[in-house]
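Got a minute to walk through a fold together? Here is the chain to keep open while you read.

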Amino acid sequence: MSSMAFDRPGRFWRGNLHTHSNLSDGCLEPEEVCRRYRDEGYDFISLTDHFIGQYGYPIADTTPFRTRDFTTILGAELHSGAMENDELWHILAVGLPTDFEPPNAPGFFPVEDQESGPDLAQRARMAGAFVAVAHPEWSGLTTEDARSLSAAHAVEVYNHGCAVGCDRPHGFYTLDQLLTEGRQMTLCATDDAHFTEPDHFGGWVMVKAEENDPDALLAALKDGAFYSSTGPEICGIHWEEDVVTVECSAASSVIVQGQGSAAVAQHGASMTRASVPLGRFENSAWMRVTVVDSAGRRAWSNPVYR
């Protein structure tokens with residue numbers, strides 16, 4: 001077993017993968033969104049406005065706002081077709097080409113003869129995008145919905161805007177069900193920032209790449225060479241047959257989760273290193289790590305597989 005984020009060369013770059021501007025339903029100009037993230041210490045963002053006819057199917061050109069120390073990945077939040085609850089699909093596509101053909105999606109409600117969400121996600125992946133299931137808890141996504149989105153690389157397991165706006169931020173149940181059914185996926189934390197409420201700078205990814213370049217970052221995302229956080233840093237994860245050792249910023253808990261009810265936690269004060277035995281996971285085909293700090297903020301590794 002290996003953790004791609006910690007075993008490959010390069011350094012970690014902090015980025016937000018889900019952001020909106022006034023090209024859709026955000027309240028700030030794209031340039032100001034980029035400035036705020038840059039000045040907050042982020043290395044990159046993807047501006048992912050709602051790709052619907054109501055807003056002219058925008059894919060924001062953020063290339064003018066790149067600097068020597070800050071970059072952007074073009075993207076959009078895609079919509080088409082109905083989920084099981086008859087609401088519109090929300091699909092995150094990071095690394096979308098500017099000539100991506102729009103679906104028939106005039107607004108935020110499904111219409112007849114639309115491309116399905118799974119088909120739209122497949123088109124986005126084939127076009128080169130990193131595709132994630134957006135805010136499953138907020139959307140009311142069912143497990144059957146999630147199964148149908150076979151093109152997704154990742155599940156958005158923490159959405160800060162959904163935490164602030166409706167207390168429905170998570171996607172862990174969706175992710176863990178798919179992992180247990182044999183899907184090999186990653187997880188991401190995002191802001192989903194609109195800047196209409198305090199929905200920004202709360203969830204991010206730390207991507208391992210040799211340079212802060214859009215193509216290098218996108219390749220690393222697709223490879224799973226990243227972890228996600230709302231605060232703590234994960235410095236290293238070393239998997240052995242019977243134990244995993246986690247190095248991190250000061251933590252109060254380090255938890256390993258696996259299939260079903262399998263979970264083991266190590267607790268302490270200001271821990272920067274913890275070794276967690278893996279005997280509980282003999283029958284689990286996958287495992288992942290959570291680091292919790294004294295303020296309750298969390299960081300999450302991507303799953304590893306036996």
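What follows is a set of questions and answers about this model.

This is a predicted model, where local features need pLDDT of at least 70, side-chain atom pairs count only at pLDDT 80 or more, and totals for chains, interfaces and linings use all residues. Residues are numbered from 1 along each chain as its sequence is written, and side-chain values use heavy atoms, leaving out hydrogens and water.

Q: How many helices and strands does the protein chain have?
A: Helices (H or I, at least four residues) and strands (E, at least two) are DSSP runs here, numbered from the N terminus. By that count, the protein chain comes to eight helices and 17 strands.

Q: What radius of gyration does the protein chain have, against the one a compact globule would have?
A: The radius is taken over C-alpha atoms, and the globule rule is 2.2 Å times the number of residues to the power 0.38. With 306 residues, that rule puts a compact globule near 19 Å, and the protein chain agrees with it, at 19 Å.

Q: What percentage of the residues in the protein chain are buried?
A: Buried means under 20% relative accessible area, exposed means over 50%, and partly exposed is in between (1.4 Å probe, protein chains only). Of the 306 residues, the buried ones make up 57%.

Q: Which strand gives the largest share of the largest nonpolar core?
A: A nonpolar core is a set of buried Ala, Val, Leu, Ile, Met, Phe, Trp, Tyr and Cys residues joined through side-chain atoms within 4.5 Å. The largest one has 39 residues, and W239, V254, V256 and V291 touch the most other members. Elements supplying at least two residues each include α1 (4-7), β12 (234-239) and β13 (243-258). The largest share, six residues, comes from β13.

Q: How many residues are in the other core, the one that includes L141?
A: This core lies apart from the largest one. A76, A121, L141 and L178 are among its members, and the total is 34 residues.

Q: Which residues does T62 touch, not counting those up to four places away in sequence?
A: T62 is found in the loop between β3 (50-51) and β4 (71-72). Its relative accessible area is 1%, so T62 is buried. With contact meaning heavy atoms within 4.5 Å, the residues T62 touches are C34, L47, T72 and L74.

Q: Is P64 buried or exposed?
A: P64 also has its place in the loop between β3 and β4. Its C-alpha atom is separated by 8.4 Å from that of E31, 33 residues apart along the chain. The relative accessible area of P64 is 57%, so P64 is exposed.

Q: What is the phi of Y57?
A: Most residues other than glycine have a negative phi. Y57 lies in the loop between β3 and β4, and is partly exposed at 23% relative accessible area. Its phi is positive although the residue is not a glycine, and the value is near 50 degrees.

Q: Where is F195, and is it buried or exposed?
A: F195 is not a glycine, yet its phi is positive, about 60 degrees. The place of F195 is in the loop between β9 (186-190) and β10. At 10% relative accessibility, F195 counts as buried.

Q: Which residue with a positive phi follows α7?
A: In α7 (residues 172-180), the buried residues include F172, L175 and L179. After this helix comes a residue with phi near 105 degrees, G182.
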